[in-house]
Amino acid sequence: MNYSILLYIARTHIFTRAKQSAIAGLGVTFGIATFIILVSFMTGLNGLLDGLILDRTPHIHLFNEIVPSERQPIDLSTDEDNWNIIRSVKPKQKQSRIHNALPILKILEQDETVLGATAQVATQAFYTAGSINLNGMVSGVNILEESRLFNIGNYIIEGNIYDLHNNDNAIIVGAGVSKKMSLELGDKIQLVSPKGNRVILKVVGIYQSGLAEIDNIQSYVNLKTAQRIMGEGNNYITDINLKLHDINKAFAMSKDLERMYNITAIDIGTANAQFDTGTAIRNIITYAVSITLLIVAGFGIYNILNMFIYEKMNDIAILKATGFSGNDVMFIFVSQALIIGLIGGGLGLLVGYLLSVLIDNLPFVTDALPTIKTYPVNFSPTYYIIGIVFAMVSTFLAGFLPAKKAKNIDPVEILRGQ
Amino acid sequence: MERTSVIRADKINKIFTDPVDYHVLKDISFDVKRGEFVSIMGKSGCGKSTLLYILSTMDTDYSGQLFLNDQLITGNDNVQLAHLRNQSIGFVFQFHYLLPEFSVLENVMLPAKKLSAKSSQEIEHDAIETLRMLNIDHIAKNKCYRISGGEKQRVAIARALINKPSIIMGDEPTGNLDSKNAHNVLDIFKELASEKGLTLLVVTHDKDFADRTDRIITMGDGKILDEGF
């Protein structure tokens, strides 16, 4: 079979009707470009938001939760047939520190599924300025590990983490705190612990997460400093944060840890269920809009080819009379549609790419995201492949029906009709 | 000497069912030998064009048997028939049916390129030779909508000749031409028949045209009245 002659005819048809073909092709271009822009921007945004959450949220968070005991003492002393009704159950008195935190930490650090584990001492404290007491949260952390695993360094807008690491009398304060108390780098701040201990610390950094609620109260000190403020020893640890190699194992592992160490373990999926939903919905919107646009473009091609075939009845008849089979004629028209799809789709990818580059360079400054300077765009080649496949499939479908009609045209009717 | 048969019809019957049943061809049997120039004459509606389209293999809805070069072709599928048409049958219609987007040369070359039995250089050479034989090689590069009616019909003849078919079929090939051009076309046909030994089968109702052919098959009411021997 000699396809080059069929393609030659298809090409000639397209170029002698450059205007109509261009309009049909532009429909595809528009659809594909929109798809690329939408999907790049949306997935870029998704990536950014997910990244924000994933970057700074531990995959598993271990802590002691103050809750009433599941099994009350009376349950232990009575048969299972009896009902015990206890009113006004109170939580059990227990320490907020994790029991045996250091051995647990050691075991977790040796676990192969764990990328890293950090210990924290979280406590409430007052920032005092004269007679004013500001409510606050102080976290004692190993700042270098926090930076490695949870990118805390990205949210330090002034100063740096090494100054904290090297100084046991240093503190990184939230942006809100620093504003309220007019603190700058090098200033001193006085902290009062719940137990009444007072310490004076030097401000070596300012932290901005973007969430005002956090920035107004949160500050970071070294682990030892926090333990000192609490008046506790170095085995006093309230939270352990884990980062795993594979985030998908977080849920199962959190359940195991809960059972093994008798503590509360929250995995990232449970803590941030709403973000998955958001991502899924944004993806659905992107694909729905793009598919709609491509269907519209497909109808354009369908229409133009259909009209074209009506105009070309005589040509089709004579092609058949001179020995082109129905399949040849169909091939001509389908390839015409596919050429339009390929050129239109290719242009669409190009236009989409250029506009994505433009968006990628638009300034996007927000307090919430101190490290982001421009709009996030995802340039993953996967979407370009999906885009061109979309273009080819929709133009194929749009071309197939008219081409099938052309295939079935009876040349005798046309040739005798005049 | 007995000449070989190019196209032979054996008891061909055709019935139109739309809008009413109408028996348009009744037991048509005849034979066209190699090198013959045969015309089919008859009144409008006698079924001569219908017969031609059956002979052309484009209309497959008939009963009876059809032989091309002594090979039974009745019952072949569409792809085989298309190939047969491409290889062995040339057509000239009342209208030229040239493809307007293509140049004269390209129109002539298309069936040969479809057959692709030769390289494109050979095809182009053959096409130009054929155009020269018909005295229209000077318009080879023109687009088809830029040439005159008589020239168009000669291009159509060149297209019919390009694959050196066993038979050329014509459906009123002069019907749309003025007498001078009609005369030209007839001369070309005569020349092809006598000098190149081509077989021609032409449906016409032009008596002058038919009189200059080797044999006139006369039809009436769906039957062959006179085979013209």
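In this predicted model, A:T128 stands opposite A:Q190 in strand β6(A). That pairing belongs to a wider antiparallel match, with three bridges joining β2(A), residues 114–129, to β6(A). On to the next neighbour: A:Q190 also stands opposite A:I200 in β7(A). Here β6(A) and β7(A), the latter covering residues 198–207, run antiparallel and are joined by five bridges. The two make a hairpin with five residues between them, and A:G196 in the turn has a positive phi of about 100°.

The side chains of β6(A), residues 188–192, take turns along the strand. A:I189 and A:L191 point to one face and are buried, while A:K188, A:Q190 and A:V192 point to the other and are not buried.

Now for chain B, which has seven helices and ten strands. Its C-alpha atoms fill a box of roughly 50 × 45 × 40 Å along the principal axes. A compact globule of 229 residues would have a radius of gyration near 17 Å, so the 17 Å of chain B agrees with that expectation. Buried residues make up 48% of the chain. Among contacts in chain B with a separation of 6 or more, 69% are between residues 24 or more positions apart.

The two chains also meet: 24 residues of chain B are in contact with 21 residues of chain A. On the chain B side, the elements giving two or more residues are α1 (48–55), α2 (78–88) and α3 (104–115). The largest share, six residues, comes from α2(B). By type, this side of chain B divides into 13 nonpolar, five polar and six charged residues.

Methods. Residues numbered from 1 in each chain as written. Chains lettered and ligands numbered in written order. Predicted model: local features only at pLDDT ≥ 70, side-chain atom pairs only at ≥ 80, totals over all residues. Contact = placed C-beta atoms within 7 Å. Helix = DSSP H or I, 4+ residues; strand = E, 2+ residues; numbered from the N terminus. Nonpolar A, V, L, I, M, F, W, Y, C, P; charged D, E, K, R; others polar. Rg over C-alpha atoms; globule rule 2.2 N^0.38 Å. Buried ≥ 20, exposed ≤ 12 C-beta atoms within 10 Å, placed from the backbone. Pairing = 2+ DSSP bridges.
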